[in-house]
Amino acid sequence: VELNTAEYIFSQQIVFSLEASSDTAITSVILFYGQHDEPLVRRIYPDFTSGEQVSITYTEDLMGGQFAPGTTLRYYWKLATEDGSTYQTEPLVFEYNDTNHDWQVITGERVELFWYGSKGSLAKDLADKAEKDIAALEERFGIVLDIPLAIYVYNNTSDMSRALASRSEGYDEMVTT
């Protein structure tokens, strides 16, 4: 494998690329991907020309809100050759983030609050409130978070719209998230 990459445009697409070679013709290529700690949900059979060298680019079109900002995605390729040999690439992971904003982060004991813009004091207040609320929930229900809770704070509905799945025009107009 000479090239194995995944690049994305937030809320639009993920582009997976693979360049590989073998002593015998590569006859089958399958791309697997999904959320990092979940069973892989996508199995893709991309178009390619069989041969000792293959170059594949597969573009997965996304719907708004298909993956939340901060989602860790995992992918790998499985190749088979003419002589029956198979090869699987090592799984690679990447964090899928909203790249439309210059995010800053406030890291606490239980919370990572991501924000952008000029409202740093509001972000700090929200992070403090989230820490207190999580501590109260942990005490009340006897559970403890294993990892910090990631919270993304958008400045307005328009900015946040790409991160949310649309349900219907009427629904979206009536709901405040």
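Visitor: Where does Tyr116 lie?

Guide: Tyr116 sits in the loop between strand S9 (111–115) and helix H1 (120–141). Helices (H or I, at least four residues) and strands (E, at least two) are DSSP runs, numbered from the N terminus. This is a predicted model, where local features need pLDDT of at least 70 and side-chain atom pairs count only at pLDDT 80 or more, while totals for chains, interfaces and linings use all residues. Residues are numbered from 1 along each chain as its sequence is written, and side-chain values use heavy atoms, without hydrogens and water.

Visitor: Why is Tyr116 called buried?

Guide: Buried means under 20% relative accessible area, exposed over 50%, and partly exposed in between (1.4 Å probe, protein chains only). Tyr116 has a relative accessible area of 7%, so Tyr116 counts as buried.

Visitor: What makes the pairing of the Tyr116 and Asp159 side chains a polar contact?

Guide: A polar contact is a pair of N or O atoms within 3.5 Å; within protein, one must be able to donate a hydrogen and the other to accept it, and residues adjacent in sequence count only if both atoms are side-chain atoms. The two side chains make theirs at 2.5 Å, so the distance fits the cut-off. A polar atom of the Tyr116 side chain also lies 2.8 Å from the backbone nitrogen of Asn155.

Visitor: Which residues is Tyr116 in contact with, leaving aside neighbours within four places in sequence?

Guide: Contact means heavy atoms within 4.5 Å. Among the partners of Tyr116 are His101, Trp103, Val153 and Tyr154. Tyr116 and Trp103 are 13 residues apart in sequence, and 4.8 Å apart in space, C-alpha to C-alpha.
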